[in-house]
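Here is a short tour of a structure for you to follow on screen. Keep the viewer open and pick out the elements as they come up.

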Amino acid sequence: MLKTKQLLKKFAKEYSSFAPTNFELKRALVVTKLSRYEVEQLRHPELSREQLDQKLRDRGTDVEMLLYLHNLHKDFERQIVQSFQNVGCEVKMSSRSSLSKDVMSWADVIVPVGGDGTFLLSANRASPLFALSQQKTPIVGFNSDPKHSEGRLMLPKQYSENPAEAVERIKNGDFKWVHRSRIRTTLLGNNGMIPESTDLFRHTAVKMEQVTTSPEVLDDNMASKYKAKMKRVLPYLALNEVFIGEHLSARVSHLQLVLNHQDLVNKTKCSGLCVSTGTGSTSWHTSINRITGCDVEDLLRTLPNANTPDMQKVLENVEEIAQVYNQGLLFAPDDPRLCYSIREQICVGVWPSPKTFKSRDFVESVFIKSHCIDANLVIDGSISYPFNDGAKVLLEVYPEDALLTINLD
């Protein structure tokens, strides 16, 4: 048994670092973002262009700015398509609504054009679980508006100014492969059913997963430990994070956590749980845990020697101290660990239980049981599942689930 486990670990490690040696850029799938103006068009399909513009103006929207940003994105989109065509590449285009398994399996490379949201959408769909295939299609993203969007997941901003250079380097193989860890989400229960999910961007039901994964019987050890009979893996792998909490942010989230399959059950009341990857550590994870120079100053002034000359010199550098601390929150995108963060954990009376339960820590796996009233489990801020009282989930990282991306740094 030990030998088998070692072989499986070796295979997983090799699979995670697998880079296609015969990669050829012949077919590119360009995934386009929906501009804010297009979103308004989808929300009001009964209105003509003139009627929509007037409705937006009546509510105080800057229509001219919306149209400017819309046209800016569309112009850049056409530039990306032309850059790939210029190197002899066949190009297809897809949007959030038309992205399918078939068109993704057709492509040699997936090219999200927009911001990090478009990249995350593409990453969620570029999943072996979603695509029903072991094929790993690489992703490389272009930021269509670097002046208004940070685009941490996209290529550096210099390639937004000269996308043809980036495409030429990809065509010539002048890049590095990066394997970004992703979170596999497994629901545990007694019937193996998956609740209906919601696309948070369009506020519509998402039914595609109903045909992509099958329920499995839990082994005796897992069944006994987590009081469940069946498991079912969700088809979407989280590149940034999985968030669990009450739908109404003002309501307290009541959760139980088991870390690394230990026997200890940790109980918390909080404003939600964020479980992040290394890729996601630059995003919500940092926003939850970052400190400011004011925080550092307030803490230092509580010390007995706060008024000494040496401490006064330290107080002159509170912004730098905060910056160093915040930079330390980040971890590598290929790190196999997860980092959970409890938002605003209640620390009075009997909470948390046990009192030694950390509000943030690195783990290999985390099991969560909900005692919430109207909660959701949200994958990368995009796909939402109900997660109410009694719901159970296991979050893990598998090397073979890593996202294959292209790095031009």
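## Around helix α3

Let's begin with what lies over one helix: the cover on the buried residues of α3 includes α2 (36-43) and α4 (63-86). This is a predicted model, so please read the details below in that light.

Which residues of α3 are buried? In this helix, spanning residues 49-58, they are Leu-52, Asp-53 and Leu-56. Because they cover an arc of only 100° around the axis, they sit on the same side of α3. Glu-50 and Asp-58, on the other side of α3, are exposed. Just after the helix, Gly-60 adopts a positive phi of about 95°.

## Strand β17 and its partners

Now to a strand. Of the six residues of β17 (residues 365-370), five are buried, so the strand is largely enclosed by the rest of the structure.

β17 pairs with two strands that you can display alongside it. With β12 (residues 253-259) the pairing is antiparallel, over five bridges, and Leu-255 has Ser-370 of β17 as its bridge partner. With β20 (residues 392-397) the pairing is also antiparallel and over five bridges; there, Ile-368 is matched with Val-393 of β20.

## The chain overall

Stepping back, the chain has 14 helices and 21 strands. It contains 409 residues, and 48% of them count as buried. Its accessible surface comes to about 20800 Å², with 51% belonging to carbon and sulfur atoms.

How do the contacts spread along the sequence? Among those between residues at least 6 apart in sequence, 74% join residues at least 24 apart.

Technical notes:
Residues numbered from 1 in each chain as written. Predicted model: local features only at pLDDT ≥ 70, side-chain atom pairs only at ≥ 80, totals over all residues. Heavy atoms only, no water. Buried < 20%, exposed > 50% of the residue type's maximum accessible area, 1.4 Å probe, protein only. Helix = DSSP H or I, 4+ residues; strand = E, 2+ residues; numbered from the N terminus. Pairing = 2+ DSSP bridges. Contact = heavy atoms within 4.5 Å. Areas by Shrake-Rupley, 256 points an atom, 1.4 Å probe, with all protein chains shown as cover. Arc of directions from axis to C-beta.
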